[in-house]
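Student: I am new to this structure. Please pick one part, take me through it closely, and then show me what surrounds it.

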Amino acid sequence: MNGLVQLTDLHICADPNEQLAGINSRQTLHRVLESIAASVPRSVSLLLTGDIAAHGELAAYQWLNQELLATGREVYWLPGNHDELPLLQAGLVDFPHCRCVSLAGWQLLLLNSAENGSATGKLGSDELQWLQAELEQSRASHLLLALHHPLAPVGSAWMDTMCVADRDELAALLADEPRLRGVVCGHVHQQSCVDWCGYPQLSAPASCFQFAPGSDEFALDSAARPGYRVLQLHADGRIESEVVRV
């Protein structure tokens with residue numbers, strides 16, 4: 001299977017007993033990883049789309065590093081607004097920060113949309129220049145972008161204020177790129193599939209607590225279970241995906 005498993009918004013805490021919104025994020029991650037191990041071939045890599053730690057603590061990343069090692073899988077990751085990138089890199093010592101991944105005719109490009117001190121996403125000129133250079137040298141048939149913040153609104157008014165601020169600049173950069181097939185994002189703590197500039201934007205449930213979809217103000221969905229998204233990347237450029245709840 002040529003594909004990925006998206007895990008997002010893990011919000012791992014350094015304190016093993018800490019709860020967030022009544023959820024122990026270490027325990028829910030265990031359930032998610034057990035489900036993946038039982039249903040997805042080990043050859044399929046994990047993609048972590050940000051907010052990997054709740055408070056950006058080194059100990060949280062170090063604990064997660066051991067959990068990920070036990071899966072026996074390749075792991076790719078990008079930071080979210082709750083993460084501290086230097087500590088994230090130091091903690092996930094067995095999973096170096098790889099931003100450009102080749103997957104049998106596909107190329108996964110991982111963008112950093114986290115801006116220091118802000119919950120809103122922004123790429124910035126350096127990130128856009130990096131992407132342009134990668135696009136120019138890529139020989140892949142199909143491209144998939146991944147980032148933490150959404151580019152397109154998902155229908156929750158309070159959350160939609162945090163979309164990537166310079167997404168129009170990104171759209172302009174990609175306007176003449178015929179190989180883009182879709183975008184994968186985190187941050188929204190809910191599953192969604194919406195259109196961005198003619199491409200599907202996919203988000204997955206968080207591996208911990210969930211936000212209520214369609215809400216005007218911040219609201220949790222206490223009935224929704226943690227989950228993940230399995231993506232199949234086909235040779236003809238199609239993306240098939242399934243959300244699994246645990």
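**A close look at one sheet**

Tutor: β7 and β9 run parallel, joined by three bridges. The model is a predicted one: local features need pLDDT of at least 70, side-chain atom pairs count only at pLDDT 80 or more, and totals for chains, interfaces and linings use all residues. Residues are numbered from 1 along each chain as its sequence is written, and side-chain values use heavy atoms, with hydrogens and water left out.

Some terms come first. Helices (H or I, at least four residues) and strands (E, at least two) are DSSP runs, numbered from the N terminus. Two strands pair if DSSP finds at least two bridges between them.

Start at β9, residues 199-203. Within the β7 pairing, Val-184 stands opposite Leu-202 of β9. Leu-202 is also the bridge partner of Cys-193. That second link belongs to β8, which runs antiparallel to β9 over five bridges. β8 and β9 form a hairpin, with two residues between them. Cys-197 sits in the turn and has a positive phi of about 55 degrees.

How much of β9 is buried? Four of its five residues are, so the strand is largely enclosed by the rest of the structure. Buried means under 20% relative accessible area, exposed means over 50%, and partly exposed is in between (1.4 Å probe, protein chains only).

Now widen the view. Six strands form an open sheet, in the order β4-β5-β6-β7-β9-β8, with mixed pairing. β4 and β8 stand at the edges with a single partner strand each, so one side of each has no neighbour in the sheet. From one strand to the next, the twist averages 25 degrees. At the other edge, β4 and β5 run antiparallel, joined by four bridges. Leu-103 has Trp-106 of β5 as its bridge partner.

Helices pack here too. α4 touches β4, β5 and β6, and its direction makes about 165 degrees with that of β5. Contact means heavy atoms within 4.5 Å. Axes are lines fitted to C-alpha atoms, for helices over the stretch in contact, and angles run from 0 to 180 degrees between N-to-C directions. α6 lies across β6, β7, β8 and β9, at about 65 degrees to β8.

Look harder at α4. This helix covers residues 124-137, which is 14 residues. From first C-alpha to last it reaches 21 Å, close to the 20 Å expected at 1.5 Å a residue. The expected span is 1.5 Å times one less than the number of residues. Which residues of α4 are buried? They are Gly-124, Glu-127, Leu-128, Trp-130, Leu-131, Glu-134 and Leu-135. Seen down the axis, these buried residues fall within an arc of 155 degrees, so they line one face of α4. The arc is that of the directions from the helix axis to the C-beta atoms. The face turned away from the buried side carries the exposed residues Asp-126, Glu-136 and Gln-137. Strands β4, β5 and β6 are among what covers the buried residues of α4, and so is helix α6 (167-174).

One loop near the end of this tour belongs to the sheet's strands. His-189 lies in the loop between β7 (180-185) and β8 (192-196). His-189 has a positive phi of about 55 degrees, although it is not a glycine. Most residues other than glycine have a negative phi. His-189 has 2% relative accessibility, so it counts as buried.

Finally, the other strands. β1 (residues 3-7) pairs with β2 in the parallel sense over four bridges. There, Leu-7 has Leu-48 of β2 as its bridge partner. β2 and β3 (residues 75-78) also run parallel, joined by four bridges. In β3, Leu-78 is the bridge partner of Thr-49. From β2 the chain crosses through α2 to β3, and this β-α-β crossover is right-handed. That means the path from the first strand over the helix to the second runs clockwise, with the strands pointing away from the viewer. β1, α1 (residues 25-39) and β2 make a right-handed β-α-β unit as well.

β2 is mostly covered, with five of its five residues buried. Ser-45, Leu-47 and Thr-49 point one way, and Leu-46 and Leu-48 the other. After β2 comes Asp-51, in the loop between β2 (45-49) and α2 (58-71). Asp-51 has a positive phi of about 50 degrees and is not a glycine. At 2% relative accessibility, Asp-51 counts as buried.
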